[in-house]
Structures are given as C-alpha cells and as structure tokens.
Amino acid sequence: MVFKRMLQALGVGGPSVDTVLTNPNCRPGGSLEGRVHILGGDHPVDVEYVAIGLMTRVEVESGDNEYQTDQEFHRQRLTGSFRLEQGARHEVPFRFEVPWQTPITEVYGQHLHGMTMGLATELEVARAVDKSDLDAVQVHPLPAQERILEALLRLGFRFHRADVERGRVYGVEQELPFYQEIEFYPPAQYASGINQLELTFLPTPRKLQVVLEPDKRGGLFTEGHDAFGSFDVDYATVDQVDWTAQLDSWLRQSARRRGLF
C-alpha cells in the first residue's frame with residue numbers, strides 16, 4: 001500500500017491528457033480552437049486545473065553569453081478544480097485568443113527556419129506531478145505583413161533565418177517580453193552597405209508596426225543608431241501603397257546619404 005501511494009505521488013497510473021486542435025493554423029490576433037481530452041488513471045485524483053499556453057523558443061543575452069530557452073507567453077485556464085474518477089473521460093472545449101504580436105512561423109506555405117511554436121496543455125493534479133501535452137502551431141502572416149515580405153522579395157532580398165529575441169524595441173508599442181527578427185541577405189544593389197537586413201513586425205489591432213535594421217558594414221552607418229527605419233502600416237489602406245517602390249526609395253535614400261550610390 002505504501003509503495004502504491006509512492007507511485008501515485010510520482011504520477012504513475014495517473015490521468016493522461018491529449019489536446020486536439022480543430023486547425024493548427026492561425027494568424028496574429030486570431031484564435032485556435034480545439035478540445036482537451038482527459039482520461040482518468042487507475043485511481044481517482046483531484047485535478048486543480050487544466051490550462052493551455054503558447055510557447056516559443058527565445059534567444060537570451062546574458063552578459064557575454066547567449067542561450068536559448070522555451071518561453072510560455074500567453075496562458076489561459078480552461079477549468080477550475082474537479083474530481084476525476086478512475087478511468088473517467090472528461091472533455092474540455094476551448095477557444096484560445098492568439099496575441100497580436102505572436103511571431104510568425106510560416107510564409108507562403110514554407111516554415112521559417114529557426115522558428116518553434118507550440119500550444120502546451122497542462123493538467124495540474126493535487127499531490128502529484130503535472131501531466132502535459134504539446135501541439136505544434138503554425139502562425140501565418142497577416143495580409144499587411146505579407147505585403148511587406150512580398151516587397152522585399154521583389155527587391156531581391158533572400159530569406160536567411162528567423163529567431164525570437166528577449167528584449168524591447170525602442171519607440172514602438174510592444175506587448176510581449178520579446179520580438180521576432182526575420183533576417184534577409186541583400187541583393188547586389190544594397191550589398192555594398194548592408195550585410196543583411198533584419199525585419200521586425202509588431203502588429204496591434206489598429207496598425208502594423210514595421211522596424212527595419214541593417215547589419216551594417218563598418219563605418220557606413222552612424223554608431224548607436226541601430227534601427228534603419230520604422231513605419232506604420234494601416235490595415236485599411238495597405239493595398240493602396242506600392243511597397244516595393246516605397247522600400248526601394250527608403251533604402252536608396254539612406255545609401256545616397258552615405259555616398260554609396
């Protein structure tokens with residue numbers, strides 16, 4: 001009997017949890033829907049709560065070192081406490097709101113190299129270890145984000161990689177403790193001044209904030225001014241702007257100021 005209680009305390013023979021998403025694809029500011037299936041184990045337990053949360057891989061700078069960690073950045077409790085009898089089945093439907101500034105993971109059906117995103121389900125059981133489940137989630141860009149990406153590709157920029165960095169971006173509305181950087185190799189006409197271009201999207205319900213930052217070649221860009229440029233995109237009028245011409249103009253103006261063209 002004592003040994004059995006020890007196993008129960010370690011979670012052996014306890015309940016299992018499985019989350020099934022109706023559709024694992026979403027956009028920033030959208031939602032995910034699904035059901036959490038809970039199956040009781042070989043003894044009754046008191047479940048404290050069932051919760052779900054979005055998780056991503058974040059790069060952290062600490063002094064001279066860098067490391068990566070998995071970070072949950074949005075969480076929702078689905079239940080309060082309840083008694084789960086031996087072998088009982090319990091189902092919890094949910095609708096999970098995706099934060100507006102959730103990093104994107106897919107572009108034109110292709111996964112962005114370097115990105116990880118998942119929906120974690122946690123079953124907290126009194127006096128026992130947690131039971132959890134992790135489901136992959138694909139976050140697609142908003143139409144406004146697609147227009148900026150399309151413009152860069154038309155200019156000849158080539159996608160390199162993406163990551164999520166812990167920290168703040170100066171001068172913008174930021175709701176999460178990290179931001180995504182999407183890195184591009186420049187075409188020949190910009191390569192004399194830029195090693196690569198880093199793009200950050202920070203959407204809000206009212207507008208899309210865009211930050212462009214060049215990885216600078218020595219001496220061509222002013223020290224201490226990392227951001228090449230930042231601008232807002234209005235969702236209602238995004239299709240009325242020639243973004244290819246607009247971005248090309250900004251890049252060339254900056255290059256001329258530095259004697260590159």
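Reader: Which residue has its backbone nitrogen 2.9 Å from a polar atom of the side chain of Q101?

Author: That residue is E175. The model is predicted: local features need pLDDT of at least 70 and side-chain atom pairs count only at pLDDT 80 or more, while totals for chains, interfaces and linings use all residues. Residues are numbered from 1 along each chain as its sequence is written, and side-chain values use heavy atoms, with hydrogens and water left out.

Reader: What makes the approach of the P203 backbone oxygen to the side chain of Q101 a polar contact?

Author: A polar contact is a pair of N or O atoms within 3.5 Å; within protein, one must be able to donate a hydrogen and the other to accept it, and residues adjacent in sequence count only if both atoms are side-chain atoms. The P203 oxygen lies 3.2 Å from a polar atom of the Q101 side chain, so the distance is within the limit of 3.5 Å.

Reader: Why is Q101 called buried?

Author: Its relative accessible area is 7%, and buried means under 20% (exposed is over 50%, partly exposed in between; 1.4 Å probe, protein chains only). Q101 therefore qualifies as buried. It is placed in the loop between β7 (89-97) and β8 (106-107); helices (H or I, at least four residues) and strands (E, at least two) are DSSP runs numbered from the N terminus. Leaving aside residues up to four places away in sequence, Q101 touches E173, Q174, E175, L176, L202, P203, T204 and Q209, where contact means heavy atoms within 4.5 Å.

Reader: Why does G14 carry the label buried?

Author: The value for G14 is 19%, which falls under the 20% limit; G14 is therefore buried. G14 sits in the loop between α1 (2-9) and β1 (16-21). Beyond four places in sequence, it touches G41 and H43.

Reader: Why are β1 and β7 called edge strands of their sheet?

Author: The sheet is open and antiparallel, with three strands in the order β1-β3-β7. β1 and β7 each have a single partner strand, so one side of each has no neighbour in the sheet.

Reader: What makes β3 and β7 a pair?

Author: Two strands pair if DSSP finds at least two bridges between them. Strand β3 (residues 31-39) and β7 share 9 bridges in the antiparallel sense, so the criterion is met. One of the bridges joins E33 to R95 in β7.

Reader: Which strands pair with β4, and over how many bridges?

Author: β4 pairs antiparallel with β6 (residues 82-84) over 3 bridges, with β10 (residues 117-125) over 9 and with β5 (residues 65-77) over 12. V45 stands opposite L84 in β6, M55 opposite G118 in β10, and E61 opposite E66 in β5. β4 and β5 form a hairpin with 2 residues between them, and G63 in the turn has a positive phi of about 65°.

Reader: Why is the largest nonpolar core said to lie between two domains?

Author: A nonpolar core is a set of buried Ala, Val, Leu, Ile, Met, Phe, Trp, Tyr and Cys residues joined through side-chain atoms within 4.5 Å. This core has 58 residues, and those with the most contacts inside it are I38, V137, I148, L199 and V233. Strand β4 (residues 45-62) gives the largest share, 7 residues. Domain 1 (1-139) and domain 2 (143-258) both contribute residues, so the core lies between them; the bounds come from an automatic or database domain assignment.
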